[in-house]
Amino acid sequence: MNRDSDGRSSTPLHSVSVAGAVIREDGRMLVIKRRDNGNWEPPGGVLELDETPQEGVVREVLEETGIHVEVEQLTGVYKNMARGVVALVFRCKPSGGQELTTSESVAVEWLTQEQLLERMSEAYMARLLDATDPNVPHVRSHDGVHLAPKNM
């Protein structure tokens, strides 16, 4: 481990977040318009120290959308290279609740794949589209907007 002059670890720290790719039977996907930056994204947030990734997804989706979900499968691991955030994305199916905006969202909607293309940045849209691919999980890096070229 590398140490700085004060003896603290100089190894970069990463944040782990979770997100839900919530897909209805009709194929529409649950997204929020974030209150802090106005971006359309799948619901999610920072994983708490005392919860499993699956518990975190259930909590985050409910907190941000009012929708209860059942976690089905890990569909991707995504790293925001600019911010050092690693996101675990899980395909989920809705199991109840009612869409509602929260302190974190100004809109909650069920979008088609075509609507995702119109409203979402590539980095976040990939999380939802990857969840529909049977060849999962995907591992991708991005800069917060665009996906990084695939590594060879």
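User: In this predicted model, what makes Gly96 the partner of His68 in strand 6?

Analyst: The model is a predicted one, and in it the bridge partner of His68 in strand 6 is Gly96. This pair belongs to the ladder between strand 5, residues 67-80, and strand 6, residues 85-97, which run antiparallel and are joined by 12 bridges. Since two strands pair if there are at least two bridges between them, the 12 bridges qualify strand 5 and strand 6 as paired. Elsewhere in strand 6, Arg91 stands opposite Gln73.

User: What is found in the hairpin of strand 5 and strand 6?

Analyst: The hairpin has 4 residues between the strands, and Gly84 takes a positive phi there, near 70°.

User: How do you know that strand 1 and strand 6 pair, and in which direction do they run?

Analyst: The cut-off is at least two bridges, and 8 bridges join strand 1 to strand 6, so by that cut-off the two strands are paired; they run parallel. Within these strands, Val18 stands opposite Leu88 of strand 6.

User: What makes strand 4 and strand 8 edge strands?

Analyst: The open sheet of 5 strands has the order 4-1-6-5-8, with mixed pairing. Strand 4 (44-46) and strand 8 (138-142) each pair on one side only, and this is what marks them as the edge strands. On average, neighbouring strands of this sheet are turned by 30° against each other, with direction ignored.

User: Why is one side of strand 3 and of strand 7 left without a neighbour in the sheet?

Analyst: These strands belong to an open sheet of 3 strands in the order 3-2-7, where the pairing is antiparallel. Strand 3 (40-41) and strand 7 (105-111) stand at its edges with a single partner strand each, and therefore one side of each has no neighbour in the sheet. Between strand 2, residues 29-34, and strand 3 there are 2 bridges, which satisfies the requirement of at least two. One residue pair in these strands is Lys33 with its bridge partner Trp40 in strand 3.

User: How do you know that Arg119 lies over the face of Trp40?

Analyst: A charge counts as sitting over a ring if CZ of Arg is within 6 Å of the ring centre and within 35 degrees of the ring normal. Arg119 lies at 5.0 Å from the ring centre of Trp40, and is assigned to the face of that ring. As for ring-to-ring pairs, a search of the whole structure finds 0 aromatic pairs.

User: Why is Gly20 called buried?

Analyst: Buried means under 20% relative accessible area, and Gly20 counts as buried because its relative accessibility is 1%. Gly20 has its place in strand 1, and, leaving aside residues up to four places away in sequence, it touches Pro42, Pro43, Val57, Val61, Phe90, Cys92 and Leu128. The C-alpha atoms of Gly20 and Val89 are separated by 5.8 Å, although these residues are 69 residues apart along the chain.

User: What makes helix 3 largely enclosed by the rest of the structure?

Analyst: Of the 10 residues of helix 3, 8 are buried, and so the helix is largely enclosed. The buried residues are Ala123, Tyr124, Met125, Ala126, Arg127, Leu128, Asp130 and Ala131. Helix 3, residues 122-131, lies across strand 1, strand 5, strand 6 and strand 8, and runs at about 175° to strand 8.

User: Which strands does helix 1 lie across?

Analyst: Helix 1, residues 53-65, lies across strand 1 (15-22), strand 4, strand 5 and strand 6, at about 110° to strand 5. Helix 1 also lies across strand 2 and strand 7, running at about 60° to strand 2.

User: What is the omega of the cis peptide bond that joins Val136 and Pro137?

Analyst: The omega of this cis peptide bond is about 5°, and Pro137 is found in the loop between helix 3 and strand 8.

User: Why is the protein chain called as compact as a globular protein of its length?

Analyst: The protein chain has 3 helices and 8 strands. Its radius of gyration is 16 Å, close to the 15 Å that the globule rule gives for 152 residues, and therefore the chain is as compact as a globular protein of that length. Of the 152 residues, 42% count as buried.

Note on methods
Residues are numbered from 1 along each chain as its sequence is written. This is a predicted model: local features need pLDDT of at least 70, side-chain atom pairs count only at pLDDT 80 or more; totals for chains, interfaces and linings use all residues. Side-chain values use heavy atoms; hydrogens and water are left out. Axes are lines fitted to C-alpha atoms, for helices over the stretch in contact, and angles run from 0 to 180 degrees between N-to-C directions. Contact means heavy atoms within 4.5 Å. Rings of Phe, Tyr and Trp (its six-membered ring) pair if their centres lie within 6.5 Å; planes under 30 degrees apart count as stacked, over 60 as edge-to-face and the rest as tilted. Buried means under 20% relative accessible area, exposed over 50%, partly exposed in between (1.4 Å probe, protein chains only). The radius of gyration is taken over C-alpha atoms; the globule rule is 2.2 Å times the number of residues to the power 0.38.
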